[in-house]
Amino acid sequence: DASNVLLDLASFAVRDGRKAPMAAAPLRARIARLVEANLANPQFSSVEIAAKLGVSVRTVQNAFSQEGTTPAAFILQRRRGRHAARQSGAERDRGGV
């Protein structure tokens with residue numbers, strides 16, 4: 001009957017909603033590894049991430065939205081972190097800090 005179908009659909013939607021954050025964590029980990037391997041590529045973006053992982057760009061974006069950030073912001077953060085680490089190492093090599 002129609003009411004049972006509606007209840008089944010509602011139950012399925014709620015159940016899947018609870019699984020989504022757990023599924024996003026492994027995806028974010030895969031994305032993080034991919035980003036680290038491609039930090040030197042200035043063209044690297046959500047589109048390339050999605051293509052390499054075989055998911056949609058929206059899936060990549062959703063994985064980060066649960067953390068309150070975006071793939072582009074994550075890539076930029078990692079690039080800045082790498083740059084800071086290199087700068088710190090260069091200063092130590094010169095006898096600075």
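**A buried ring pair and a shared core**

In this predicted model, F64 has a relative accessibility of just 3%, so it counts as buried, the cut-off being under 20%. F74 is buried too, with a relative accessible area of 16%. These two residues make up the one aromatic pair that the structure holds. A pair of aromatic rings is described by the distance of the centres and the angle of the planes. Here the ring centres of F64 and F74 sit 5.2 Å apart and the planes meet at 40°, so the pair is tilted. The pair also links distant parts of the chain, with F64 in helix α3 (residues 57–65) and F74 in helix α4 (residues 71–93), ten residues apart.

Next comes helix α2, which spans residues 46–53 and has S46, I49, A50 and L53 buried. Looking down the axis of α2, these buried residues fall within an arc of 95°, so they line one face of the helix. An α-helix has 3.6 residues a turn, so residues three or four places apart point the same way. Over on the other side of α2, V47, A51 and K52 are exposed. After α2 comes G54, with a positive phi near 70°.

Two of the buried α2 residues, I49 and L53, turn up again in the largest nonpolar core, a set of 15 residues. Along with I31, V35, F44 and A63, they have the most contacts inside this core. Helices α1 (2–37), α2, α3 and α4 each chip in at least two residues, and the largest share, five residues, comes from α1. As for I31, its contacts beyond four places in sequence are I49, L53, V60, A63 and F64.

Terms used
Residues numbered from 1 in each chain as written. Predicted model: local features only at pLDDT ≥ 70, side-chain atom pairs only at ≥ 80, totals over all residues. Heavy atoms only, no water. Phe/Tyr/Trp six-rings, centres within 6.5 Å; stacked < 30°, edge-to-face > 60°. Helix = DSSP H or I, 4+ residues; strand = E, 2+ residues; numbered from the N terminus. Buried < 20%, exposed > 50% of the residue type's maximum accessible area, 1.4 Å probe, protein only. Arc of directions from axis to C-beta. Core = buried A, V, L, I, M, F, W, Y, C linked by side-chain atoms within 4.5 Å. Contact = heavy atoms within 4.5 Å.
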